[in-house]
Amino acid sequence: MRKQKSMIPGHVPRVLTYSGSPYRTLEEFFLKHRPPEQAFLINAARNSTIVGEKGTRLTFPAHSLSTTTGQRIDGQIQVRLTEISSPLEHLLAARPTASEDRVVDAVSQVQFNIFKDGAPLQLSEPVMMEIPVSPHSVHPPGSAKLFARSLPTIRSVKSNTLLDWRPVKTQVEVRKVGNRRYFGFAVQRCSWYQCGHFYARKDAKVMVTAKIIANTDSFESQEAFLWLDDSNVITKLYSSDRHFSGLNIPRRASGQVIAYGMSKGQLHFGAARLKKAADKLLNVYMRPMAEAEIIEAIQHL
């Protein structure tokens, strides 16, 4: 099966006027702007390798798949792969990189699932995943850590869309395939994964608070994120009424605070420059915006 072409932040979505929105919730907006799944067909009885549009490699040993009840599967199966591989994609899909309150620098997030005739399957043997190493990374590749999907334990960020990252005690190797280097590691289950580094700037940590200022009485839903300069760090800010707070931010760090809101069916958006985290408080002015304007604003951060 041909791979589906990924949607990137530069695509032009359907735009409605300020009086309406195609979304009932912010979660629907974020889900739309997540790069779509790519679909592959492989033979479960053979060794198979698939390669995603953004370079992710998955190698399945022969007879490594089974039903959820443990019955071995042969024949043709479908692999569905999602790759999120830039800070702009993270911001449009609302995909933070942080591990609870620890700041993580990680550019690629990858999810895969496997199916036969529409029914989900599981791994009966480990599968090798390889994620391309960014040539622009400032971190030694050999020190990368593996993170897997986890549900947030901080009450204010529990959501069907947002997730947290827990460190996994699995060795990450740096492999070379052709002219590219990859983070290589074995995975035991279908899930989301990312490779990255804890943000290691040696500095005191502070709490940063963003105060939301908007000409609306209330938002049915809001989300805010902090994107640190010169990094792939996207940290979720925790909400409290019209304030959002980020924990354990290096006091000398700078970046952008990006805020989304949904009020009476209308999308709102705002961004503000954080000159240094030591300032601790900044105002974020939000206004009603059409979907295409939000995308353009994020692209120009």
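**Tyr 260, helix H3 and two pockets**

Tutor: In this predicted model, a polar atom of the side chain of Tyr 260 lies 2.5 Å from the backbone oxygen of Leu 91.

Student: What makes the pair formed by the side chain of Tyr 260 and the backbone oxygen of Leu 91 a polar contact?

Tutor: The cut-off for a pair of N or O atoms is 3.5 Å, with one atom able to donate a hydrogen and the other able to accept it. The separation here is 2.5 Å, so the pair falls within that limit of 3.5 Å and counts as a polar contact.

Student: Where does Tyr 260 lie, and is Tyr 260 buried or exposed?

Tutor: Tyr 260 is part of strand E20. Its relative accessible area is 1%, and because buried means under 20%, Tyr 260 is called buried. Along the chain, Tyr 260 and Ala 271 are 11 residues apart, and their C-alpha atoms are separated by 8.9 Å.

Student: Which residues of helix H3 are buried, and how do you know on which side of H3 they sit?

Tutor: In helix H3, which spans residues 291–299, the buried residues are Glu 291, Ile 294, Ile 295 and Ile 298. They cover an arc of only 95 degrees around the axis, and therefore they are on the same side of H3.

Student: What covers the buried residues of H3?

Tutor: The cover includes two helices, H1 (26–32) and H2 (87–93), together with strand E20 (255–263) and strand E21 (266–274).

Student: What is the volume of the largest pocket, and which residues are closest to its centre?

Tutor: The volume of the largest pocket is about 270 Å³. Its lining is made of 19 residues, and the closest to the centre are Asp 105, Val 107, Ser 134, Ser 137 and Asn 232. Strands E9 (127–132) and E14 (192–198) each give at least two residues to this lining, and E14 has the largest share, with three residues.

Student: What classes of residue make up the lining of the largest pocket?

Tutor: There are eight nonpolar, nine polar and two charged residues in that lining.

Student: How many residues line the second largest pocket, and which lie nearest its centre?

Tutor: The second largest pocket, with a volume of about 190 Å³, is lined by 16 residues, and those nearest its centre are Ser 85, Val 107, Ser 108, Pro 132 and Ser 134. Two or more lining residues come from each of strand E5 (76–84), strand E7 (109–116) and E9. By class, this lining has seven nonpolar, six polar and three charged residues.

Notes. Residues numbered from 1 in each chain as written. Predicted model: local features only at pLDDT ≥ 70, side-chain atom pairs only at ≥ 80, totals over all residues. Heavy atoms only, no water. 1 Å grid on protein atoms, 1.4 Å probe; cavity = no way out; pocket = protein on both sides within 12 Å on 5 of 7 lines; lining within 4 Å. Points joined across faces, edges and corners; volume = space filled by probe spheres on them. Helix = DSSP H or I, 4+ residues; strand = E, 2+ residues; numbered from the N terminus. Nonpolar A, V, L, I, M, F, W, Y, C, P; charged D, E, K, R; others polar. Buried < 20%, exposed > 50% of the residue type's maximum accessible area, 1.4 Å probe, protein only. Arc of directions from axis to C-beta. Contact = heavy atoms within 4.5 Å.
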